[in-house]
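Student: I should like a close look at a single part of this model, with every criterion stated. Please begin with how its lining is made up.

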Amino acid sequence: MKEIMIATSNAHKVEEFREMLEPLGIQVRSLLDLEEKVEIEETGTTFAENAMIKALSVHERLGIPVISDDSGLEVDAMDKAPGVYSARYGGPSLNDVDRYEKLLHEMDGVPDEKRTARFVCAISLILSSDQVFGFT
């Protein structure tokens, strides 16, 4: 069985990747399987940059195939915010419901026809130092 590292500590995301990859004969590991905690600073200004930062960081550390992602919500009336800050939108004390409520509050007064948004996801895959891929 082949093995791939998912550059995340999000248990739900790990389970989603397992459901997709294990039927293909690929064993999925994650940062949760490592003895030491791995912190990766997402300093990119785009989802693609952050996904690649995570993949490169883990691949350089472990030397094994890695897949990573970065995703979030872009709201047109908010100039594509919260964007790459979606998971941190409103600060660390907020949970997902609090972030939704904050966003909806900030949209007060925006007409329905201008309430357009999209969920964006970028994925990076590094199989070896010569095989580096990015998808948005």
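Student: How many residues of the lining of the largest pocket are nonpolar, how many polar and how many charged?

Tutor: The lining of the largest pocket holds 14 nonpolar, 6 polar and 10 charged residues (nonpolar: Ala, Val, Leu, Ile, Met, Phe, Trp, Tyr, Cys, Pro; charged: Asp, Glu, Lys, Arg; polar: the others, Gly among them). The model is predicted, with local features requiring pLDDT of at least 70 and side-chain atom pairs pLDDT 80 or more, whereas totals for chains, interfaces and linings use all residues. Residues are numbered from 1 along each chain as its sequence is written, and side-chain values use heavy atoms, without hydrogens or water.

The largest pocket (an open set of 1 Å grid points where a 1.4 Å probe fits, with protein on both sides within 12 Å along at least five of seven lines; lining residues have an atom within 4 Å of a point) has a volume of about 900 Å³. Its lining comprises 30 residues, of which Asn10, Lys13, Ser71, Ser86 and Ala87 are the closest to the centre. Strand E3 (66-75) and helix H3 (96-106) are the elements that give two or more residues to this lining (DSSP runs of at least four residues for helices and at least two for strands).

Asn10, Lys13 and Ser71 also line the second largest pocket, which encloses about 200 Å³. Other residues of that lining include His12, Glu16, Phe17, Asp69 and Cys121. Helix H1 (11-21), E3 and strand E5 (117-128) each provide at least two of its residues, and H1 makes the largest contribution, with 5. By class, the lining of the second largest pocket has 5 nonpolar, 3 polar and 3 charged residues.

Methods:
Grid points are joined across faces, edges and corners, and a volume is the space filled by probe spheres set on the points.
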